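User: I have a structure open here and would like to talk it through before I go back to the bench. Could you take me through the overall picture and then some details?

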Amino acid sequence: MANKLSVAFIGTGIMGAPIAGHILDAGYLVTVNNRTKSKAAALIEHGAVWADTPADAVANADVVFTMVGYPSEVEELYLAGDGLLACTKPGAVLIDLTTSSPELARDIAEAAQVSGRMAFDCPVTGGESGAIAGTLTAIVGATENDIAPVRDILATFAANICCFDGAGKGQAAKLANQVSLGACMVGMADAMAFAELGGLDLEKTRQMILGGTGKSGAMESLAPKRSTATTSPALWSSTSLRTCVWRSPTPMTASSRCPAPTLPLRSTTCSTPSVAPNWAPRPSRSSTRRRPMPSPPVWTGRSIVPKSTVLTRTAAVAASTATTMSAVAATITARTRVLRRPRP
């Protein structure tokens, strides 16, 4: 224990608690903080040390992990006047596991470097089951050399560690993962709704698909929850919301819905096979023109952003991302409604 790094973990929710538990099981001294102390109770009973504030948790930590909800929370947690960059000791390594904004991750990394710390983005994929099993994939916005001092800690909860060699690139790679996941979810829901409409045994159909080229992670792990998958977007709303929230110019909450496409959706049924399905409108030529990328952030020597002037970077990120997940959120309801419509 004496030669191990001390760890602080901020955010012990559905994903954070099991991740912190694996680090604790590996013999590291872990100090935890969460907005709701009861969610850290199991960790405290297991040997973690409770801190009343994030500042208290990180004061003496060599390594700091954060796993919070949205980019706005990450921004305030790190860059506010009393944020982590102001409260950690020089030389500390700060690792954000939250699915967040690439631009924000770059800003935090630059601010950390100026203030004598190291910070990198490290979103994870694998879901709650992967967090519990310790088999997550860590998507790192840093090089192998950068993570060398903390690789053993990452390995306590991640079976795969993928380095993308630059600040913010872990978040960009996670977004690519989410876009793929959203498409797989739509395909899974369509397939299950179509099978139900045709009177097929849904589990037998699912097993058949998993044995062929139509298999996907969504079909394997989410299709068993078909009671919600074929009737509403509730199954994947948190995934689409998380992707929408950091690219949307307006604040969103957990109860918000992703914006619907601006044009009405088009769909066809099985009774009109001669018409090629077109679930979403094609964009006009003008809308497909390449938009200018936002200018890269320029560091001005301001190591800490006062809490009263915390910037909202989601508007800038919105300019460089497509509306993929918002279209997914609107499309699934329209598709399943058509597929489940009673035959005349």
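**Overall picture and details**

Analyst: The protein chain has 16 helices and 9 strands, and please keep in mind throughout that this is a predicted model. Of the 344 residues of the chain, 45% count as buried.

User: And what share of the contacts join residues at least 24 apart?

Analyst: If you take the contacts between residues at least 6 apart in sequence, 66% of them join residues at least 24 apart.

User: OK, the interior then. Which residues touch the most other members of the largest nonpolar core?

Analyst: That core has 37 residues, and those touching the most other members are Phe9, Ile23, Phe65, Ile95, Leu97 and Phe157. The elements that give two or more residues to the core include strand S1 (6-10), helix H1 (16-25), strand S2 (29-33) and strand S4 (63-66), and the largest share, 5 residues, comes from H1. There is also a second, separate core of 20 residues, which includes Ile10, Leu77, Leu79 and Ala119.

User: What does Phe157 touch?

Analyst: Not counting residues up to four places away in sequence, Phe157 touches Ile19, His22 and Ile23, together with Phe65, Leu97, Val124, Gly134, Thr135 and Leu136.

User: Back to H1 for a second. Is that helix largely enclosed or largely open, and why?

Analyst: H1 is largely enclosed by the rest of the structure, because 9 of its 10 residues are buried. The buried ones are Gly16, Ala17, Pro18, Ile19, Ala20, Gly21, His22, Ile23 and Leu24. After H1 comes Gly27, which has a positive phi near 100 degrees.

User: Which non-glycine has a positive phi?

Analyst: Asp165 has one, at about 65 degrees, although it is not a glycine. Asp165 lies in the loop between S9 and helix H10 (169-197).

User: Different topic: how do H4 and H6 pack?

Analyst: Helix H4 (residues 71-79) and helix H6 (residues 102-114) pack at an angle of about 10 degrees, with 11 Å between their axes, and the two helices are therefore roughly parallel to each other. On the H4 side the contact is made by Pro71, Val74, Glu75, Tyr78 and Leu79, which meet Leu104, Ile108 and Ala111 of H6. By residue type, that contact divides into 7 nonpolar, no polar and 1 charged.

User: I care about cysteines. How many disulfides are there?

Analyst: The structure holds 0 disulfides. For Cys162, which is in no disulfide, the nearest cysteine sulfur is that of Cys163, 7.8 Å away.

User: So why no bond for Cys163?

Analyst: The distance is the reason: the sulfur of Cys163 is 7.8 Å from the closest cysteine sulfur, in Cys162, and that is too far for a bond, because a disulfide requires two cysteine sulfur atoms within 2.5 Å.

User: Are those two cysteines buried or exposed?

Analyst: Cys163 counts as buried because its relative accessible area is 19%, and buried means under 20%. Cys162, at 34% relative accessibility, counts as partly exposed.

User: Now Val58. Where is it, and what does it contact?

Analyst: Val58 is in helix H3 (residues 54-58), and with a relative accessible area of 0% it is buried. Leaving aside neighbours within four places in sequence, Val58 is in contact with Ala8, Ile10, Val64, Leu84, Cys87 and Thr88. Of these partners, Ile10 is 48 residues away from Val58 in sequence, and their C-alpha atoms are 8.7 Å apart in space.

User: And Asn60, buried or exposed?

Analyst: Asn60 is exposed, with a relative accessible area of 64%, and its place is in the loop between H3 and S4. Apart from neighbours within four places in sequence, Asn60 is in contact with Ser6 and Lys89. The C-alpha atoms of Asn60 and Val7 are separated by 8.7 Å, although the two residues are 53 apart along the chain.

User: Last one: what about Thr31, where does it sit and what does it touch?

Analyst: Thr31 is in strand S2 and counts as buried, at 16% relative accessibility. Leaving out residues up to four places away in sequence, Thr31 touches Val7, Ala8, Phe9, Val49, Ala51 and Ala57.

Methods. Residues numbered from 1 in each chain as written. Predicted model: local features only at pLDDT ≥ 70, side-chain atom pairs only at ≥ 80, totals over all residues. Heavy atoms only, no water. Axes fitted to C-alpha atoms, helices over the stretch in contact; angles between N-to-C directions. Helix = DSSP H or I, 4+ residues; strand = E, 2+ residues; numbered from the N terminus. Parallel < 35°, antiparallel > 145°, perpendicular 65-115°, else oblique. Contact = heavy atoms within 4.5 Å. Nonpolar A, V, L, I, M, F, W, Y, C, P; charged D, E, K, R; others polar. Buried < 20%, exposed > 50% of the residue type's maximum accessible area, 1.4 Å probe, protein only. Core = buried A, V, L, I, M, F, W, Y, C linked by side-chain atoms within 4.5 Å.
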